[in-house]
Amino acid sequence: MAGRNHNSHLFLESVPGSLKYLGWVLLLVALMIGDARNGWLTRSREILAFMLEPLYYLVDSPYRLAERLDLWLEKHEQLLEENEALSRENARLKLDLLPLSHMQEENRQLRELLNAPPHRDFNTRMARILNAGLDSYNQNLLIDLGSEDGVESGQILATENGIAGQVRSTQAHSSWVMLITDPDHALPVTFSNSGFRTIAYGSGSSKELVLPHVPISQSVSEGELLVTSGMGGLFPAGYPVARVSALSSEKGERFKRITATVLARLDELEFLLLMQATKEVKP
Amino acid sequence: MSAAIAWPVVSGSLILALLLELLSPGLSAVSVLWPPFVSLVLIYWCLETGDRIEMWHAVALGLLLDLSRGVILGQHALELLTLVFILQKIRLRVRFYPFWQQSFIIFLLLFCTLQLEVLSRYILGYPIDHWRIIINPLVAMALWPWLFLLLDYLHQRFRQRQFK
């Protein structure tokens, strides 16, 4: 048996062992503090990406396989039915878009008259989620598009319901996305009823945002929609973000306590839409 | 001389455990129930091969886990290191416990090492997931006997093949 010749450990404290442990602990504590202060984690992740990337693809492969099997097992008729339903929906959506394109053109002309800068146009691409920051505290996702697909840090990700997050760092074939619910994330938003502009911070839970800077005097109603304000230039204006879910104001405090429920269901995501800005239209 | 250690089985199972742990379904509520595979497999090898699993193995494995999971650098490393350190002291006794008693020891071990996580996160100002701290060791406790049987089977087979 391995270790039979080390029986003395049962009775004798091995001093070198404890010292070694203490040494390692000190080293790791220093590492943790360094990481918390200087963000070593993100940087070392970027450096070691070439090593970690295949790991993520490997981990994702069973999910992909399951999806394929699912597709095979699904009945032909069922697929046909689904296809028909989707094409019908597509036609309906196209019809809905018809007046919009006219309005867009009108809007562009009006903006030209006002000498206002043009709206940014976006190409959207489907991004598959490879991995989530498994720790529920860090609201991170890994997507399967990387710098070779034209992804740059700062690009926006959304779902059909609302804004989801932004690209934080890129590797060759994958990128890390910081969700708007990450405690380090701040998103400039506007209250849709009052037009009051403020900043929504991530709460660390994948469902909620917190808005700590709304003064007591500001009127806010429950269920009010929050949209991106376009301040700061990173997020385009007017995209839905969240709905006010709880608000309270206590006497003697200067700010309301507001939490809002994120519209994009971030904990059930499988795909995200990556929004890549196309070249701005010259007025 | 003691029997040769089955390094291919050890490293293979640890890598597999790492992949399994990475398979965890991310942000959804189920992720709280995802067992700590790496800790469990490391515990098994610690019990079986004792001092052959050294502290730096635990640190290296922990750092790899930190990097791939995206938590604070050093958090898992500290947990696994402490696991190995404590197990080296008590392994000769724990090895001969019945399953249910071993499971209970593992619950205690994981619960205690998770407190390190709580402490460090609290000091550094990171948010803490309270459910995980309770549920994760419980899940590990339930999984332990099955994992033990599986790994023991693999280990024995490898050894038999070596002695042929």
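## Chain A in outline

Of the 283 residues of chain A, 36% are counted as buried. The model is a predicted one. Chain A contains 4 helices and 12 strands. Its exposed surface comes to about 17,000 Å², and carbon and sulfur atoms supply 57% of that area.

Contacts within chain A can be sorted by how far apart the partners sit in the sequence. Taking those with a separation of 6 or more, 57% are between residues 24 or more positions apart.

## Chain B in outline

Chain B has 164 residues, and 58% of them count as buried. Its secondary structure consists of 6 helices and 0 strands, so that, by the DSSP runs used to define the elements, the order from the N terminus reads α-α-α-α-α-α. The accessible surface of chain B is about 7,300 Å², with 73% belonging to carbon and sulfur atoms. Among its contacts between residues at least 6 apart in sequence, 68% join residues at least 24 apart.

One helix of chain B can be described in detail. Helix H5 covers residues 99–124 of chain B, which is 26 residues. From its first C-alpha to its last it reaches 37 Å, close to the 38 Å expected at 1.5 Å a residue. The buried residues of H5(B) include the nonpolar-named positions Ile106(B), Phe107(B), Leu109(B), Leu110(B), Leu114(B) and Val118(B). Gln102(B), Ser103(B), Thr113(B), Glu117(B), Ser120(B) and Arg121(B) are also among the buried residues of this helix. Just after H5(B) comes Gly125(B), which takes a positive phi of about 85°.

## Two nonpolar cores

In soluble globular proteins, nonpolar side chains tend to be buried together. The largest nonpolar core in this model has 38 residues. Those that touch the most other members are Leu141(A), Ile180(A), Phe191(A), Leu211(A), Val241(A), Leu266(A) and Leu272(A). Leaving aside residues up to four places away in sequence, Val241(A) touches Ile163(A), Ile180(A), Leu187(A), Val189(A), Leu209(A), Leu226(A), Val227(A), Thr228(A), Thr261(A), Val262(A) and Leu263(A).

A second core, separate from this one, has 34 residues. Tyr44(B), Leu83(B), Val84(B) and Phe148(B) are included in it.

## A nonpolar patch on the surface

Nonpolar side chains also appear on the outside of the model. Leu65(A), Leu69(A), Trp72(A) and Leu73(A) make a nonpolar surface patch of about 520 Å². Trp72(A) is located in helix H3 of chain A, which spans residues 49–73. Trp72(A) counts as exposed because its relative accessibility is 67%, and the cut-off for exposed is over 50%.

## Salt bridges

Over all chains, the count comes to 12 salt bridges. One of them is between the side chains of Glu54(B) and Lys20(A), at 4.0 Å from N to O. Glu54(B) is in the loop between helix H2 (37–49) and helix H3 (55–69) of chain B, while Lys20(A) is in helix H1 (residues 15–38) of chain A, so this pair joins two chains. Both ends are partly exposed: Glu54(B) has a relative accessibility of 33%, and Lys20(A) has a relative accessible area of 44%.

A further salt bridge links the side chains of Arg128(A) and Glu67(A), at 3.2 Å from N to O. Arg128(A) belongs to strand S1 (residues 122–132) of chain A and Glu67(A) to helix H3 of chain A, so the bridge ties together parts that are 61 residues apart in sequence. Arg128(A) is buried, with a relative accessible area of 10%, whereas Glu67(A) is partly exposed at 34%. These two residues are also part of a network of salt bridges that links Asp60(A), Arg64(A), Glu67(A), Arg128(A) and Asp144(A).

## A salt bridge within one helix

Glu84(A) and Arg88(A) form a salt bridge in which the closest N and O atoms are 2.6 Å apart. Both residues lie in helix H4 of chain A (residues 76–114), 4 residues apart, which is about one turn of the helix. Glu84(A) is partly exposed at 47% relative accessibility, and Arg88(A) is exposed, with a relative accessible area of 56%.

Key: Residues are numbered from 1 along each chain as its sequence is written. Chains are lettered from A and ligands numbered from 1 in the order in which they are written. This is a predicted model: local features need pLDDT of at least 70, side-chain atom pairs count only at pLDDT 80 or more; totals for chains, interfaces and linings use all residues. Side-chain values use heavy atoms; hydrogens and water are left out. Patches are made of residues with over 30% relative accessible area and no salt bridge: like charges are joined within 9 Å, nonpolar side chains (Val, Leu, Ile, Met, Phe, Trp, Tyr) within 5 Å. Accessible areas come from the Shrake-Rupley method with a 1.4 Å probe; for residues, only the protein chains shown count as cover. Buried means under 20% relative accessible area, exposed over 50%, partly exposed in between (1.4 Å probe, protein chains only). Contact means heavy atoms within 4.5 Å. The expected span of a helix is 1.5 Å times one less than its number of residues. A nonpolar core is a set of buried Ala, Val, Leu, Ile, Met, Phe, Trp, Tyr and Cys residues joined through side-chain atoms within 4.5 Å.
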